[in-house]
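Dear colleague,

I am passing on the structure we spoke about, with the sequence alongside. Please open it first, and then read the notes below with it on your screen.

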Amino acid sequence: MQTAKTATRVNVAPSSTEGHFIEKANQVINLDNVNETFQVKGSSKLVTKNHTTLEIKEDCLITCQVVHDPFTNTFNKSRD
């Protein structure tokens with residue numbers, strides 16, 4: 001588990017081609033590298049190039065979206 005003080009921004013979707021960045025949080029904790037799950041402490045902002053910007057007013061948990069592929073009957077990370 002890695003903890004980062006967010007002086008500027010932290011990418012909470014490292015496998016994304018565009019990145020999803022948390023800005024202005026008190027603390028961002030990487031809970032799981034494989035599933036890209038992060039705990040965000042304090043109010044913050046989620047900024048992305050290919051999605052809308054989201055104001056976050058309290059502590060939250062952010063994880064990568066997983067989708068079901070009916071042809072292979074498996075769950076896979078969502079892709080940009």
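Strands β2 and β3 (residues 20-23) run antiparallel and are joined by three bridges. Within this pair, N11 stands opposite F21 of β3. Please keep in mind throughout that this is a predicted model, and that I come back to its confidence further down.

The pairing continues on the other side of β3, where β3 and β6 are matched in the antiparallel sense over four bridges, with F21 standing opposite V47 in β6. From β6 the pattern passes on to β7, again antiparallel and this time over three bridges, and here K45 has E55 in β7 as its bridge partner. The connection between β6 and β7 is a hairpin, which joins them through five residues. Taken together, these four strands form an open sheet in the order β2-β3-β6-β7, with antiparallel pairing. The edges are held by β2 (9-11) and β7 (54-56), each of which has a single partner strand, so one side of each is left without a neighbour in the sheet. From one strand to the next, the twist averages 25°.

How much of β6 is buried? Four of its five residues are, so the strand is largely enclosed by the rest of the structure. T48, which is placed in β6 (residues 44-48), is a residue worth following on the screen. With a relative accessibility of 11%, T48 counts as buried, because the cut-off for that class is under 20%. A polar atom of the T48 side chain lies 3.0 Å from the backbone nitrogen of H51. Leaving aside residues up to four places away in sequence, T48 touches G19 and H20.

That second contact leads to H20 itself, which lies in strand β3. H20 likewise counts as buried, at 15% relative accessibility, and its side chain makes a polar contact with the side chain of S16, at 3.5 Å. If you display T48 and H20 together, you will therefore be looking at a contact between a residue of β6 and a residue of β3, each counted as buried because its relative accessibility falls under 20%.

Two residues outside the strands also deserve a look, on account of their backbone angles. Phi of E36 is near 55°, a positive value in a residue other than glycine, and N73 likewise has a positive phi of about 55° although it is not a glycine. Are these two residues buried or exposed? E36, found in the loop between β4 (27-32) and β5, counts as buried at 5% relative accessibility, whereas N73, in the loop between β9 (66-69) and β10 (74-77), is exposed, with a relative accessible area of 60%.

As for the protein in general, its secondary structure comes to zero helices and 10 strands. The C-alpha trace spans about 45 × 25 × 20 Å along its principal axes. Buried residues account for 32% of the 80 residues, and the protein exposes about 5,700 Å², of which carbon and sulfur atoms supply 51%. Among contacts between residues at least 6 apart in sequence, 35% join residues at least 24 apart.

Finally, a word on confidence. The protein averages a pLDDT of 88, and 90% of the residues score at least 70. Confidence is highest in strand β5 (residues 37-41), at a mean of 96, and lowest in strand β1 (residues 2-4), at 56. Where pLDDT is low, the predicted coordinates should not be read in detail.

With best wishes

Methods:
Residues numbered from 1 in each chain as written. Heavy atoms only, no water. Helix = DSSP H or I, 4+ residues; strand = E, 2+ residues; numbered from the N terminus. Buried < 20%, exposed > 50% of the residue type's maximum accessible area, 1.4 Å probe, protein only. Polar contact = N/O pair within 3.5 Å; in protein donor to acceptor, adjacent residues only side chain to side chain. Contact = heavy atoms within 4.5 Å. Pairing = 2+ DSSP bridges. Axes fitted to C-alpha atoms, helices over the stretch in contact; angles between N-to-C directions. pLDDT = per-residue confidence, 0-100. Areas by Shrake-Rupley, 256 points an atom, 1.4 Å probe, with all protein chains shown as cover.
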